Amino acid sequence: MSPSHILVGSLEKSSGYCFSDKSLAERAITHTSYAYQKGLGRQASNERLEYLGDALLKAYIARHLYLSYPEDEEGALSTKSSNALSGASLAKAARQMGLNLIMRMSAQEEASGGRHKPRNLAGCFEALVAAIYLDGGFDPMDDFLERVLIPAVTEELESSQRDPKSTLQEMLQGSGRGLPEYVVEGRTGPDHNPVFYVMVTEAGRELGRGSGSSIKEAEQKAASDAISREYAQKK
């Protein structure tokens, strides 16, 4: 049995889905670096599948949140969607099913820690979603996501509701960006009832703003605002 057949077998076992078209499974786990190293060209990598998977995931998560949180307004649903689709969430789901061990990549990419990079893991997960959809349609894709992604999403949403600052940091790190920085811009009101104003930035760029009766509260609200803005930019 060839190495690629072994990897596809491992993918089918971890995903719980058996592919009719094995070439889709192979492409889903093929990083661009591997395709170039083997002289296969960009078309043999998972980039196009990743593009389709991203769109499918957005629609799936939007439907899931709409049905699961009937009392939430658009803003709250947008924040939840951003958390659910963050690179950290997808990378976590990919790691839990062992995609980091199955991905095909160049020796150089692997040596640079490629099997642990959130961007690579999230991209491979998106590609796998698209491959399952193209091979079997919506039903097996929905079944796969219900089993593999929704538990991770639920955990992520519970965490984000407790601490938006941690969620924002994970989102930024999951997409290969720097740490957020919080700046107190001012304070108004009397000593017994102050209002603090905070801005959160990353690499000098404003991400969000918030205000509250304490610096901690203002920082959390600034983080929530940043999460909402990050999602809006992805629409």
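**Exercise 1.** How many residues of each class, nonpolar, polar and charged, does the lining of the largest pocket have?

*Solution.* The model is predicted, so local features need pLDDT of at least 70 and side-chain atom pairs count only at pLDDT 80 or more, while totals for chains, interfaces and linings use all residues. Residues are numbered from 1 along each chain as its sequence is written, and side-chain values use heavy atoms, with hydrogens and water left out.

Step 1. Fix the term: on a 1 Å grid over the protein atoms alone, a pocket is an open set of points where a 1.4 Å probe fits, with protein on both sides within 12 Å along at least five of seven lines, and lining residues have an atom within 4 Å of a point.

Step 2. Sort the lining: Asp, Glu, Lys and Arg count as charged; Ala, Val, Leu, Ile, Met, Phe, Trp, Tyr, Cys and Pro as nonpolar; the others, Gly among them, as polar.

Step 3. The lining has ten nonpolar, ten polar and ten charged residues.

**Exercise 2.** Where does the largest pocket lie with respect to domain 1 (3-158) and domain 2 (164-233)?

*Solution.* Step 1. The domain bounds come from an automatic or database domain assignment.

Step 2. Both domains give residues to the lining, so the pocket lies between them.

Step 3. Helix H9 (118-136) is among the helices that each supply at least two lining residues; the share from H9, seven residues, is the largest. Helices here are DSSP runs (H or I, at least four residues) and strands are runs of E (at least two), numbered from the N terminus.

**Exercise 3.** Which kind of aromatic pair do Tyr-17 and Phe-19 form?

*Solution.* Step 1. Rings of Phe, Tyr and Trp (its six-membered ring) pair if their centres lie within 6.5 Å; planes under 30 degrees apart count as stacked, over 60 as edge-to-face and the rest as tilted.

Step 2. By this rule there are three aromatic pairs. In the pair of Tyr-17 and Phe-19 the ring centres are 4.9 Å apart and the planes stand at 90°, so the pair is edge-to-face.

**Exercise 4.** Is Ala-203 buried or exposed?

*Solution.* Step 1. Buried means under 20% relative accessible area, exposed over 50%, and partly exposed in between (1.4 Å probe, protein chains only).

Step 2. Ala-203 has a relative accessible area of 73%, so Ala-203 is exposed.

Step 3. Ala-203 belongs to the loop between strand S2 (195-202) and strand S3 (205-212). Its phi is positive, about 55°, although Ala-203 is not a glycine. Most residues other than glycine have a negative phi.
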